[in-house]
Amino acid sequence: MPSAVLSFGRIAAMGTVTVLILIAGVWASWGSAQHVMLTKGRERGAVEVTQCRQGTCSGPYTPVSAGSQPRDRVVLEDSVAVTEGETYAVVLKPGGTQAVRSGPGGVLYAWVPLGGALLLASVVVAGGLRRTRPAWVLAGSGVALLTAAFVLV
């Protein structure tokens, strides 16, 4: 009887940890993904990056969507996917000058935190829950997402 209780406790604890890791991955991704994926009614355009420093890149914004206004400067997060002198399709976050990349590369880049969470959750599922097949599915999904983001961005 005590081993059944311990086994149930281990499964419950590791299941909870796995779910929390995956929720955290979705939560971290959704902050940018919502703007990239749900573009109806949002300002869309292009940014020519003129300078990058201290974790941000900026440049003039040229609108593409109806009702969007040109801006002298909008800010993108500085990452390996943003280079000075390049032009990127973006969606502006409401009420400001913050922009996120759009298109397939932008969608995949927004979901990168979920890819990391899938990899981390696969370790918990394999080690804590002792379920190797679901762990391989989680790991494969995480690797596929991260690889696709790396290739397209």
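Is Trp111 buried or exposed? I looked this up in what is a predicted model, and I found Trp111 to be buried, with a relative accessible area of 15%.

I then turned to aromatic contacts and noted that the structure holds one aromatic pair. Trp30 and Trp111 form this pair, which is tilted, with 6.2 Å from centre to centre and 45° between the planes. Because Trp30 lies in helix α1 (residues 2-37) and Trp111 in the loop between α2 (103-110) and α3 (112-127), the pair ties together parts that are 81 residues apart in sequence. For Trp30 I recorded a relative accessibility of 36%, which counts as partly exposed.

Next I looked up the pockets, and the largest has a volume of about 320 Å³. Its lining consists of 22 residues, of which Ser32, Glu77, Val100, Arg101 and Tyr109 are the closest to the centre. I noted α1, β4 (71-77), β6 (99-101) and α2 as the elements that give two or more residues to this lining. By residue class, the lining of the largest pocket divides into twelve nonpolar, seven polar and three charged.

Last, I checked helix α4 (residues 132-152): at 1.5 Å a residue its 21 residues should span 30 Å, and the end C-alpha atoms are 30 Å apart, which agrees. I listed Ala135, Leu138, Ala139, Gly142, Leu145 and Ala149 as the buried residues of α4. These cover an arc of only 125° around the axis, so they sit on the same side of α4. On the face turned away from that buried side, I found the exposed residues Thr132, Arg133, Trp136, Val137 and Val151.

Note on methods. Residues are numbered from 1 along each chain as its sequence is written. This is a predicted model: local features need pLDDT of at least 70, side-chain atom pairs count only at pLDDT 80 or more; totals for chains, interfaces and linings use all residues. Side-chain values use heavy atoms; hydrogens and water are left out. Rings of Phe, Tyr and Trp (its six-membered ring) pair if their centres lie within 6.5 Å; planes under 30 degrees apart count as stacked, over 60 as edge-to-face and the rest as tilted. Helices (H or I, at least four residues) and strands (E, at least two) are DSSP runs, numbered from the N terminus. Buried means under 20% relative accessible area, exposed over 50%, partly exposed in between (1.4 Å probe, protein chains only). On a 1 Å grid over the protein atoms alone, a cavity is a set of points where a 1.4 Å probe fits but cannot get out, and a pocket is an open set with protein on both sides within 12 Å along at least five of seven lines; lining residues have an atom within 4 Å of a point. Grid points are joined across faces, edges and corners, and a volume is the space filled by probe spheres set on the points. Ala, Val, Leu, Ile, Met, Phe, Trp, Tyr, Cys and Pro count as nonpolar, Asp, Glu, Lys and Arg as charged, and the others, Gly among them, as polar. The expected span of a helix is 1.5 Å times one less than its number of residues. The arc is that of the directions from the helix axis to the C-beta atoms.
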